[in-house]
Amino acid sequence: MNAMHTLTCKNIVRQVGNDFTLGPINLEIPTGTVTAVIGNNGAGKTTFFQALSGDYPGEGETNILGYNSHHIEGKASFSYVPQSFPEFHPFRLQQLRDFQAAHDETWNEALFQLYIQQFKLPMNKRIQDLSVGMQRKAVIALQLSRETSFLLLDEPFAGLDMEGQTQFEKILLSKMEGNPQCSIVFATHVASEVGRLADFVVIMKHGKASTPIEKDTLRQQWKRIWLTKPMEDMEDAPGVKKVLTEPALQIITNNAPETETWLANRGAEVVKRTTLDLYESLPLILNEERNTFEMEKERGVISDDIND
């Protein structure tokens, strides 16, 4: 595996029932980065994370830190917080802690005790008897007390209260600061989480995944441009996704350089231009009628193959 990549996926395919297929997915995650996997409901994010964790049968190969995720060494090399965890429900947190501490060489008891105090977790209650938010905090405490260099987190902030979200975000930042080789991949549908944490974004749609796109690249490409007067055929200009007339004439583009060139060639008077916030651009990306991946492929953002 390339030392610059913590995660490498090759031709991952998973069939779910008769009406949904994940993949094929080819993906590389750079070492020392935080990557947000975004997609609408039903895009395949959870199926993808299950595939990465090695818990789902199917085709392809996933390597984490050089180990196949289906093998014992592979499973020991990463920490996984799934979206749901019914297998934990019958057990008390103390029982789960004892099992982890006895069988996991990556276990860090000092970290676990710190998380228990921060989250105010009861050790002798069954997981199923805790609130949804406390259940998630318990699983986070168990998984992040393992000293691994790769964190795989499926909607990790879901169900957490505001204090818990802040605490968890600080934990993730501390992980990254304390280990330059640490990489995080997390699924989300919340733009503010992408904005605060992510270096890269992977877009999932209909079971397919883009290559990682730098968050700053999205910000540079998506712009809002105000004009003094309409231009003929401006709806069809390169990159233009929307034309708005209220409160003033403006266009939204996902390819600002090409749009600006088109406008300049036609003598358009630009009043001002601003970068589109992620909470505005990400829904547009996910809800475009035309296949997002075909458009990104044309622009060179997505390729069919990964580099060796």
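This is a short talk on two strand regions of one chain, with a word on confidence beforehand.

What you have above is a predicted model. The chain has an average pLDDT of 86, and 92% of the residues score at least 70. One stretch needs a caution: over residues 289–308 the pLDDT is below 50. That stretch does have 35 contacts in the model beyond near neighbours in sequence. Still, where pLDDT is low, the predicted coordinates should not be read in detail. I will leave residues 289–308 there.

Let me start with the sheet at the beginning of the chain. Four strands form this open sheet, in the order β2-β1-β4-β5, and the pairing is antiparallel. Which strands stand at the edges? They are β2, residues 20–30, and β5, residues 67–68. Each has a single partner strand, so one side of each is left without a neighbour in the sheet.

Now to β1 and β4. Strand β1 covers residues 5–16 and strand β4 covers residues 59–64. The two run antiparallel and are joined by five bridges. If you want a place to look, take T8, whose bridge partner in β4 is N63.

Also in strand β1 is T6. Is T6 buried or exposed? Its relative accessible area is 1%, and the cut-off for buried is under 20%, so T6 counts as buried. The side chain of T6 makes a polar contact of 3.1 Å with the side chain of T31.

A helix goes with this sheet. Helix α1, residues 45–53, lies across β1, β2 and β4. The helix runs at about 120° to β1.

Next, further along the chain, to strand β14, residues 250–253. What does β14 pair with? One partner is strand β12, residues 223–227, in the antiparallel sense over four bridges. Within that pairing, I225 has I251 of β14 as its bridge partner. Another partner is strand β13, residues 240–244, again antiparallel and over four bridges. There, L244 has Q250 of β14 as its bridge partner. β13 and β14 form a hairpin, and five residues lie between them.

Last, the faces of β14. In a regular strand the side chains alternate between the two faces of the sheet. In β14, Q250 and I252 are on one side, and I251 and T253 are on the other. All four are buried, and both faces of the strand are covered.

That is the end of the talk.

Note on methods: Residues numbered from 1 in each chain as written. Predicted model: local features only at pLDDT ≥ 70, side-chain atom pairs only at ≥ 80, totals over all residues. Heavy atoms only, no water. Pairing = 2+ DSSP bridges. Contact = heavy atoms within 4.5 Å. Axes fitted to C-alpha atoms, helices over the stretch in contact; angles between N-to-C directions. pLDDT = per-residue confidence, 0-100. Buried < 20%, exposed > 50% of the residue type's maximum accessible area, 1.4 Å probe, protein only. Polar contact = N/O pair within 3.5 Å; in protein donor to acceptor, adjacent residues only side chain to side chain.
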